[in-house]
Amino acid sequence: MARKKLIILLLAILIGVLLYLFVIPGPVDSVAWTPPAVPPLTGATEANEKLEKAEIVVRDINGPEDVAVDEDGYIYGGTQDGKIYRAKVNEKPELFATTNGRPLGLHFDKLGNLIVCEAWKGLLSINKKGIITTLCSEAEGIPFAFTNDLDIAKNGTIYFSDASSRFNQPDYMLDALEARPWGRLLRYDPKSKEVTVLAKDLYFANGVALSKNEDFLIVNETWRYRTLRYWLKGPKKGKLEVFAKDLPGFPDGAASDRTGTFWIALPTLRNTFLDSMHPNPLKKNIVAKLPKFMKPKPKRYGLIIAINEEGKIVRSLHDIDGNHVSQITSVQPHKGWLYLGTLHGERIGRVRP
């Protein structure tokens with residue numbers, strides 16, 4: 001009798017699991033996509049050990065996804081618990097501001113305000129005393145759900161990305177599985193305080209950076225392994241086009257050294273398991289319901305690449321084992337250094353380009 005009850009219980013559990021995985025709607029409604037072939041790490045992307053020589057300049061800071069450096073030499077990073085810390089090289093971090101969300105992209109404007117892409121709150125401005133002002137939190141009636149990265153033009157105009165209007169920051173993996181274009185590229189005018197959508201239907205709009213002459217900007221499409229160019233001036237003004245495609249990993253943060261080079265952070269290399277699932281929406285819908293430990297995992301690796309204004313990769317810096325610096329989500333040029341942010345690590349590094 002006890003055995004019969006056990007069998008009935010196990011069957012009930014099995015039926016429940018099958019219903020959950022195959023019948024009950026899950027958190028995503030995936031579509032099919034066939035990824036391009038994984039490019040080999042050759043030529044300008046050939047593996048090396050240059051990032052293993054990076055200097056660790058700030059420690060004990062939880063997930064500084066982006067990094068900014070002010071005129072006094074303070075290094076800023078936003079953490080997973082909704083705070084922004086700052087520290088000078090090899091000094092203990094001190095609290096600068098609390099956003100109560102997830103600060104991502106950081107950039108100083110010409111007045112010394114720290115402009116922040118706050119994943120949950122929108123575009124913020126934080127003055128030197130740490131006082132926070134919300135600049136905008138929606139565009140065209142659609143709230144920002146994943147405000148991500150930014151760059152600021154000489155005239156003060158802020159260009160920024162909202163990675164997804166459907167999924168929030170903790171659910172970025174669901175956005176990848178669904179493979180639908182929920183991202184937008186936007187512009188904020190600090191004089192008129194108007195927000196303009198420059199481009200929509202992007203596949204996880206991420207890093208944003210202006211060109212040397214500010215005639216165009218780039219925006220990363222993380223889930224498509226590519227970078228797009230949006231023209232701000234000239235005969236192609238307003239046009240969006242592919243700038244660099246078939247990248248060896250997931251392009252995240254972007255920065256310009258304003259001399260003709262874009263630096264792109266790639267937190268990890270391409271994931272063959274994720275690529276293999278993309279043509280099968282049902283498989284992705286099922287995986288989206290699984291516990292976090294059963295979902296695709298990023299390979300531990302450190303990688304940044306340099307792309308010229310013609311869209312050609314010209315350099316790359318690697319940490320092959322990811323033991324020194326890994327899951328790099330941002331790279332910020334400043335006075336001859338490249339400062340490296342990370343989504344989950346607890347340190348900020350810097351390296352000579």
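A residue counts as partly exposed when its relative accessible area lies between the buried class, under 20%, and the exposed class, over 50%. Arginine 347, at 29%, is therefore partly exposed. The model on screen is a predicted one, and arginine 347 is the first stop.

**Stop 1: arginine 347**

Select arginine 347, which sits in strand β26 (residues 347-351). Now display its contacts, leaving out residues up to four places away in sequence: Ile56, Val58, Arg59, Ile61, Pro64, His324, Leu340 and Thr342. With histidine 324 there is also a polar contact, in which the arginine 347 side chain reaches the backbone oxygen of histidine 324 at 3.1 Å. For a distance across the model, pick the C-alpha atoms of arginine 347 and glycine 311: they are separated by 30 Å, with these positions 36 residues apart along the chain.

**Stop 2: the sheet β6 to β9**

Move to residues 103-108, which form β6, and 132-136, which form β9. These two strands belong to an open sheet of four strands in the order β6-β7-β8-β9, paired antiparallel. β6 and β9 each have a single partner strand, so each has one side without a neighbour in the sheet. On average, neighbouring strands here are turned by 30° against each other, direction ignored.

Inside the sheet, select β7 (residues 114-118) and β8 (residues 122-126), an antiparallel pair joined by five bridges. Cysteine 117 has leucine 123 of β8 as its bridge partner.

**Stop 3: the hairpin of β14 and β15**

Select β14 (residues 183-189) and β15 (residues 194-202). The two strands pair antiparallel over six bridges. Leucine 186 is placed opposite valine 197 of β15. Four residues lie between the strands of this hairpin, and lysine 193 there has a positive phi near 60°.

**Stop 4: salt bridges**

Side chains of opposite charge can pair when their charged atoms come close. With a cut-off of 4 Å between a side-chain nitrogen of Lys or Arg and a carboxyl oxygen of Asp or Glu, the model has twelve salt bridges. Three of these pairs are worth displaying.

Begin at β15 with lysine 200, which forms a salt bridge with glutamate 140; their closest N and O atoms are 3.3 Å apart. Glutamate 140 is in the loop between β10 (138-139) and β11 (142-143), while lysine 200 is in β15, so this pair ties together parts 60 residues apart in sequence. Glutamate 140 is exposed, at 57% relative accessible area, and lysine 200 is partly exposed, at 46%.

Next, select aspartate 162 and arginine 184, whose side chains meet in a salt bridge at 3.9 Å, N to O. Aspartate 162 belongs to strand β13 (residues 158-162) and arginine 184 to β14, so the link joins parts 22 residues apart in sequence. How accessible is aspartate 162? Its relative accessibility is 0%, so aspartate 162 counts as buried. Arginine 184 is buried as well, with a relative accessible area of 5%.

The third pair is lysine 236 and glutamate 241, with 3.7 Å from N to O. Lysine 236 is partly exposed at 37% relative accessibility, whereas glutamate 241 is buried at 16%. Add Arg229 to the selection: salt bridges with shared partners join Arg229, Lys236 and Glu241 into one network.

**Stop 5: the nonpolar cores**

Which residues touch the most other members of the largest nonpolar core? They are Phe146, Leu177, Trp223 and Leu274, out of 20 residues in that core. Helices α2 (172-178), α3 (272-277) and α4 (281-289) each contribute at least two residues, and α2 gives the largest share, four residues. Zoom in on leucine 274: its contacts beyond four places in sequence are Met173, Leu177 and Phe250.

Another core lies apart from this one; it has 17 residues, including Ala209, Phe216, Trp231 and Ala244.

**Stop 6: helix α4**

Finish on α4. At its start, a side-chain oxygen of asparagine 280 comes to within 3.2 Å of the backbone nitrogen of leucine 282. Further selections in this helix are Lys284, Ile286, Val287, Ala288 and Lys289, which are buried.

How values were computed: Residues numbered from 1 in each chain as written. Predicted model: local features only at pLDDT ≥ 70, side-chain atom pairs only at ≥ 80, totals over all residues. Heavy atoms only, no water. Buried < 20%, exposed > 50% of the residue type's maximum accessible area, 1.4 Å probe, protein only. Pairing = 2+ DSSP bridges. Axes fitted to C-alpha atoms, helices over the stretch in contact; angles between N-to-C directions. Core = buried A, V, L, I, M, F, W, Y, C linked by side-chain atoms within 4.5 Å. Contact = heavy atoms within 4.5 Å. Polar contact = N/O pair within 3.5 Å; in protein donor to acceptor, adjacent residues only side chain to side chain.
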